[in-house]
Structures are given as structure tokens and as C-alpha cells.
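Welcome! Please take a look at the sequence and structure below, and then we can walk through a few of its features together.

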Amino acid sequence: APLVTRVVSDFLLGRPVPGTQPVRYAKLEDRAQVFTVEADPALVQKLVNAQTELRDHSVLEFDGSRLSSIDIRAPGWPDLTLQKLETGAWQVVSRSADAGSQPPVPQPADTQIVSRLVETLAALRADVFLSDAPSADDLENWGFNRPEREITLNFSASASGAPAPASITLQLAVANEREGRLYARVGGSSSVLLVPAETLGRIPVAPRAYRDRNLRTLPPGARIVGIELWKLPENKVIFEKDLKGANAATWEEALAKETPEVRDAALALVGELRQLKAKVLVQDSFTPTLPIGGESKPWAYQLETTIALSGGDTTQTTTSTLFVSDRVGGTTMFAGSPEFGCVFETTQPFLDAFFTLTFTGRDPGPPTETPTTEPAAPAATPGKTEAPPEPAPSP
């Protein structure tokens, strides 16, 4: 077979030919001849700025299927870790500075929120390649001595056995908040990039930002058999009902003698307690008071829920406690749970049902209208009659 030799030669593009743009001088590096070519100005601009124009603008390249955990650190915040379980679900683990030697308690994470975080990191692109050889002073001036975020992606071993990094760390820094610029640096690389400033807001550091809003979903075999509502701080029961005391098998039977308004509200509340959801998580821990309107106020109500758990031939009961605030505005009410370790805004159905049960009996109803009566005509003097008025004179 004939021997085939492939020769590779660099193509050199020179200056424009005077008065003939976009025609430019050109030559092959290993040949003396010079010739002219017609070069697209846009292509020439990319070639001149090839260091940035033709460079990959992706900041992070990783296989999301291999993610095992994500560590997020920020100044003034406890270290936060998002862990992926074998089931594919995620959990939030955070250790506060005052936790001491007690191990952190994992909380279920919202899978969709974690997925959005991963998508944000995978789609992150550089706006500007600032420097490929920054000095120590440059890094300090750009804020990398105290980065606003440090995100470490940890990976499981590759199934194919191919070499792959065990982790990737991304640092995001701000030199001056008024400057509105966000600097990025990937561990193992000396390059500093400018990335969209809004990226920082898409990577929250509060554990509650990633927690699952579904606080409790009772299994099919579990039943709510009693609710008891106390007004605080008077410790006065304002509503209570339980299936056993009402000698009823269902809540419809137990509430049959209540007014339709109370019955519907109680049934709705039982449904909300069975699948307890938070509209918004506002604190990562339960506190005995709640800041409302700039003041620290105690909880207004205590709601006790009795839950029956069936197992085999036995039934065990447990009590779950919620502390609830007064209604704050038309659509806001707060609840706190020592059991779930959080304070949250309730959903609108919970608020409507709870407000009906607490307001019943206190509602004075519509104002009573005082009937207006015509003033009585003056009584005539006995033996005296009034003369009719004289007719008006003719014009």
C-alpha cells in the first residue's frame, strides 16, 4: 500500500490589504509565498480575541448523577451540607456554633429546591475572564480572603472506574457590594472570572431554604383521634373534640351536633394536621416567643393533636403540639413546632380553619340597627283647634 503522509502547516493571517477590506494578507508558515484572502470581520475579531472569545465559558463541569453531597459555607453562618441518600432523596445537615458536642439532626430536604441549586451551578457561565495569573494582592482585593460562598461538590466513585475528581470547590467573592460584581474561582485553577451577580442570591445559606415544606404526612394506618385547642396565656380550652369521648367512629359523626361553620372548619383542620405543610419556613428552630412587628410576642394558642398508631393487635397514641400566633394580616399566621424544630407560616386552608374555631363565640355578629321612629305629633290642646293656614296672596 502506498505511504500516505499528512502535512500540517500553520495558517498565518496578516494585516488588511489597504483599501480592500475585508481582504487580508495570508501565508502558510512553512512556505514563502504570500497571498490574499477574504476574511469575515467577525471571524477575524474572534481570532484576535481567541483567548476569551473561543474559550469555554462554563465555570463548572461535573456529572450530576455522581453527586453525593454539597457543602455550602458562608461567613457568619453554620456549615451546611446537603446529603443524597441511597433512595435518591436529599437531607439537610447543619451544625450551629452553639451545638456543642451534640450531633446535628438531619432534616428532609426539598428535592426540587436541591435540583434547582444543582442546575444553577451547572449552568453558571463566565461573563468576563478577568485574570489567569492573579497575584495574592489581587485575590485579597477581590474578596477571596473571605469569600461570600464556598461550595464544594462531592462525588461518588465512577461506575466505569475512569479517573474522576472526588470533589470540586467553587468560591464566590464580592470586593465591594456597591460595585455589583461577583468574582468566581474554581479550586485547582488560577483563573478568576466574573459571573452574574444574581448567582449569589440563588445559593442560599440558611438551612430552612432547602428544607422540605411537608413537615408531616401520616401513614394510612394512623388516625387523628383528638384535637384540643388552648388559649394562651389563660390556659383556657376553647375547643376540644375526640372520637372516643364522642363515641364516634368518624369525625363527621363526632361533629354532627356542631354548627355547619364549626363542623366544616374542624374537618378541614383535621385534614391539614394529617398532612402538615409549611407555607414558608421562617426559623430553623422553635422559640417560645415570636418577633412580630418589631416586638417579641408569646404564642397565642396551643394546639394538641392526639394521633393513634396501629401496629398489629395494639394501638398506641402519641400527642403532637403546635403553638400558633394570632392572625397577622389577612393571609399570615405563624406556627411553631418543638417536634419539628421550626417556626413557619401556615398554609391558607390551615389559617382559615383555625381562625374559624378560635373566632367562633367571640364574633359579635353584624351590628344591630336601631330602628328610626318618626317624632310624635304634638298633642292638640283640649277645646282648641288650629286654624288652617291662610292661602298665599296672589301675585
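Which residue of β3 is the bridge partner of Val 23? That partner is Glu 38. Please keep in mind along the way that this is a predicted model.

## The sheet

The pair Val 23 and Glu 38 belongs to a wider arrangement. Strand β2, residues 23-28, is joined to β3 by 4 bridges, and these two strands run antiparallel. Together with β1 they make an open sheet of 3 strands, ordered β1-β2-β3, with antiparallel pairing.

At the edges you will find β1 (11-16) and β3 (35-38). Each of them has a single partner strand, so one side of each has no neighbour in the sheet. On average, and ignoring direction, neighbouring strands here are turned by 40° against each other.

## Two helices that cross

Further along the chain, have a look at helix α6 (residues 260-274) and helix α7 (residues 348-359). Their axes come within 8 Å and cross at roughly 135°. Angles over 145 degrees would count as roughly antiparallel and those from 65 to 115 as roughly perpendicular, so α6 and α7 are oblique to each other. The crossing of α6 past α7 is left-handed.

## Who touches whom

On the α6 side, the contact is made by Glu 261, Val 262, Ala 265, Ala 266, Ala 268, Leu 269, Glu 272 and Leu 273. From α7 come Pro 349, Phe 350, Ala 353, Thr 356 and Leu 357. Sorted by class, this contact of α6 with α7 holds 10 nonpolar, 1 polar and 2 charged residues.

Technical notes
Residues numbered from 1 in each chain as written. Predicted model: local features only at pLDDT ≥ 70, side-chain atom pairs only at ≥ 80, totals over all residues. Heavy atoms only, no water. Axes fitted to C-alpha atoms, helices over the stretch in contact; angles between N-to-C directions. Parallel < 35°, antiparallel > 145°, perpendicular 65-115°, else oblique. Left-handed = near helix turned anticlockwise from the far one by under 90°. Contact = heavy atoms within 4.5 Å. Nonpolar A, V, L, I, M, F, W, Y, C, P; charged D, E, K, R; others polar. Pairing = 2+ DSSP bridges.
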